[in-house]
Amino acid sequence: MAYDLDAMPIRRERRVSVPISVRLWGLDRNGKVFSQNAKTLNIATNGARLYGVTAALERGFIVGLQCGNMRARFMVVWVGEKGSSREGQIGLRAAENGIWSVALPRASDEDFSTWLSETYLENENSA
């Protein structure tokens, strides 16, 4: 069986599209420390897809991600190719227990939007 190592991995869990501001940090491919803000395109229990990433990262790198008071380590599983529509995007998989410390609901997206606004967005707006 042949694998295209440059393709995004097949998703094994449901992801929910939601823009959340996060902080990403770690070492880039040149061994330099970076810390930058980014946003999620979508999240899942064990991963996320970010955009606005300017750090020079490669698959297999471990990065830190902070969302509010929650922090976790993630492995970079894919990096958007320079010059493509995915430039500045990365795919992450939890290297430990993940950052979304609560189980995401398995209900419809509409129900998730309500849960998200009640649980996270209202708290973010009041901060």
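Gln36, leaving aside its neighbours within four places in sequence, is in contact with Val22, Arg23, Leu24, Gly52, Val53, Thr54 and Ala55. Gln36 sits in strand β3 of this predicted model. The protein chain has 127 residues, of which 35% count as buried. Its secondary structure consists of one helix and seven strands.

**Gln36 and its surroundings**

- Gln36 has a relative accessible area of 12%, so this residue counts as buried.
- A polar atom of the Gln36 side chain lies 2.9 Å from the backbone oxygen of Gly52.
- The backbone nitrogen of Ala55 is 3.0 Å from a polar atom of the Gln36 side chain.
- Gly52 and Ala55 also appear among the contacts of Gln36 listed above.

**The chain as a whole**

- Read from the N terminus, the order of elements is β-β-β-β-β-β-β-α.
- Taking contacts between residues at least 6 apart in sequence, 53% of them join residues at least 24 apart.
- About 8,200 Å² of the protein chain is exposed, and carbon and sulfur atoms supply 48% of that area.

**The nonpolar core**

- In soluble globular proteins, nonpolar side chains tend to be buried together.
- The largest nonpolar core here has 21 residues, and those touching the most other members are Leu24, Leu50, Leu57, Val63 and Leu92.
- Two or more residues of this core come from each of β2, β3, β4, β5, β6 (70-79) and β7 (90-94).
- Leu57 has contacts beyond its neighbours within four places in sequence, including Leu24, Leu27, Phe34, Val63, Val76, Val79 and Ile90.
- Asp28 and Arg29 are also in contact with Leu57.
- Leu24, one of the core residues named above, is in contact with Gln36 as well.

**The salt bridge**

- The count of salt bridges comes to one.
- It is formed by the side chains of Arg29 and Glu58, with an N to O distance of 3.1 Å.
- Arg29 is in the loop between β2 (21-27) and β3 (33-44), while Glu58 is in the loop between β4 (47-51) and β5; the pair links distant parts of the chain, 29 residues apart.
- Side chains of opposite charge can pair when their charged atoms come close.
- Arg29 counts as partly exposed because its relative accessibility is 47%.
- Glu58 is partly exposed too, with a relative accessible area of 36%.

**Strands β5, β6 and β7**

- Strands β5 and β6 pair in the antiparallel sense, over six bridges.
- In this pairing, Leu65 stands opposite Ala72 in β6.
- Two residues lie between β5 and β6, which form a hairpin, and Gly68 in the turn has a positive phi of about 65°.
- β6 and β7 run antiparallel and are joined by five bridges.
- Val79 stands opposite Ile90 in β7, and both Val79 and Ile90 are in contact with Leu57.

**Gln66 in β5**

- Gln66 belongs to strand β5, which covers residues 62-67.
- The relative accessible area of Gln66 is 18%, so this residue is buried.
- A polar atom of the Gln66 side chain lies 2.9 Å from the backbone oxygen of Gly68, the glycine in the turn of the β5 and β6 hairpin.
- Gln66 and Ser21 are 45 residues apart along the chain, with 9.0 Å between their C-alpha atoms.

Terms used:
Residues numbered from 1 in each chain as written. Predicted model: local features only at pLDDT ≥ 70, side-chain atom pairs only at ≥ 80, totals over all residues. Heavy atoms only, no water. Helix = DSSP H or I, 4+ residues; strand = E, 2+ residues; numbered from the N terminus. Buried < 20%, exposed > 50% of the residue type's maximum accessible area, 1.4 Å probe, protein only. Polar contact = N/O pair within 3.5 Å; in protein donor to acceptor, adjacent residues only side chain to side chain. Contact = heavy atoms within 4.5 Å. Areas by Shrake-Rupley, 256 points an atom, 1.4 Å probe, with all protein chains shown as cover. Salt bridge = Lys/Arg side-chain N within 4 Å of Asp/Glu carboxyl O. Core = buried A, V, L, I, M, F, W, Y, C linked by side-chain atoms within 4.5 Å. Pairing = 2+ DSSP bridges.
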